[in-house]
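Dear colleague,

Here is the structure I said I would pass on. Please look it over before reading my notes underneath.

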Amino acid sequence: MAIVSTSSLRPLHQYSSFPKCPNFSHYSQFRPRIHFSSLRLSSSAIRATAAVAVEPDLGTQQNQKSEVDLFACPVCYEPLIRKGPPGFNLPAIYRSGFKCKRCNKSYSSKDIYLDLTVTAGLREYSEVKPTGTELFRSPLVSFLYERGWRQNFNRSGFPGPDEEFNMAQEYFKSAEGGLLVDVSCGSGLFSRKFAKSGTYSRVIALDFSENMLRQCYDFIKSDDTLLTTNLALVRADVSRLPFSSGSVDAVHAGAALHCWPSPSNAIAEITRILRSGGVFVGTTFLRYNSSTPWIVRSLIERSRPTYNYLTEEEIKDVCTSCGLTNYSTKVQQSFIMFSAQKP
């Protein structure tokens, strides 16, 4: 599971009554007081009193074991040592602890997601990201994302979640049976679809927003089949992905690229973690498309949007400069789905 200062200069997709990324600074009274029931999480479905801390002494305990995990340290990219019950699902990962032998840094589940950010466990330092990223950490936006926000995308040419999922599945055919990472997954709209499809051995719903991951869990716990599916919730930075190089079969990024502080750094990271033959599929809003009149393009170029809306040519340029090949796209109005492959 992502606005220009002058409304007359907005990209084409923003001419709607429900903009994709409204500026909530005008509604500041909501921000500190939002307490939706979806955010008061209970771990009863998982039945764990606390995440397991991995100590330097990785001694065995009853019904627990230590093993090298698919997750890697976001500091040094070395595979983490996992201690806890076997299995790749929400209950098993929640009860597990993770440790990097090289950095001596431990990682554990927080609430219902595994925090694999560089800042995990820090007590004093708190990192604030650009506006485009921080907006989606808001409880209000997380709650609204699948309750009207995402549905508004069809005004910009997005074909709807079901069709987007089917389109992505076509691109991912060569990755069937492998590990899929849904970066910037938001509330897990597509992560849940990928997991329920049974197409992949494991699915990781990854996002930087704590509240998006909590909302994702709220949707998952309403479906008993997903709680025991090979699905994990992970908090991580797209520019510092917690996986070893060449370890992932497929990466999906739905309506996300324009939210990343640095699309080039993010795509370089995605390229790093993809195995040879691995596939990257993303969707985003175009700054303008080939049918946009030149005068409108000129006005848009002079604007200073909050988000990184790219053109078709720019997306292709970034992907190919990061070493990806077999680039292809499908465009409809301001919507673009693009795919590329690790050689």
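The notes below cover some aromatic residues, then a pair of helices, then one further helix.

Please keep in mind that this is a predicted model.

Aromatic residues

The structure contains 14 aromatic pairs. In the pair of Phe158 and Phe285, the ring centres are 4.8 Å apart and the planes stand at 45°, so this pair counts as tilted. The two residues come from distant parts of the chain, 127 residues apart: Phe158 sits in the loop between α3 and α4 (161–171), and Phe285 belongs to strand β10 (residues 274–285). Phe158 is buried, because its relative accessibility is 3% and the cut-off for buried is under 20%. Phe285 has a relative accessible area of 1%, so Phe285 is buried as well.

Phe158 also forms an aromatic pair with Phe335. Here the distance is 4.7 Å centre to centre, with 65° between the planes, and the pair is edge-to-face. This pair too links distant parts of the chain, since Phe335 lies in strand β12 (residues 335–341), 177 residues from Phe158. With a relative accessibility of 2%, Phe335 counts as buried.

These three residues belong to one aromatic cluster, made up of Tyr145, Phe153, Phe158, Phe285 and Phe335.

Helices α3 and α6

Helix α3 (residues 139–149) packs with helix α6 (residues 210–221). Their axes are 8 Å apart and the angle is about 40°, which makes α3 oblique to α6. The crossing of the two helices is right-handed.

Which residues make the contact? From α3 they are Pro139, Val141, Ser142, Phe143, Tyr145, Glu146 and Arg147, and from α6 they are Asn211, Met212, Gln215 and Phe219. By type, six residues of this contact are nonpolar, three are polar and two are charged. Tyr145 appears in both parts of these notes: it is in the contact with α6 and in the aromatic cluster.

Helix α5

Helix α5 spans residues 189–197. Its buried residues are Leu189, Phe190, Ser191, Arg192, Phe194 and Ala195. Arg192, a charged residue, is thus listed among the buried ones. After α5 comes Gly198, which has a positive phi, near 70°.

If you open the model at one place, I suggest Phe158, which pairs with Phe285 and with Phe335.

Regards

Methods. Residues numbered from 1 in each chain as written. Predicted model: local features only at pLDDT ≥ 70, side-chain atom pairs only at ≥ 80, totals over all residues. Heavy atoms only, no water. Buried < 20%, exposed > 50% of the residue type's maximum accessible area, 1.4 Å probe, protein only. Helix = DSSP H or I, 4+ residues; strand = E, 2+ residues; numbered from the N terminus. Axes fitted to C-alpha atoms, helices over the stretch in contact; angles between N-to-C directions. Parallel < 35°, antiparallel > 145°, perpendicular 65-115°, else oblique. Left-handed = near helix turned anticlockwise from the far one by under 90°. Contact = heavy atoms within 4.5 Å. Phe/Tyr/Trp six-rings, centres within 6.5 Å; stacked < 30°, edge-to-face > 60°.
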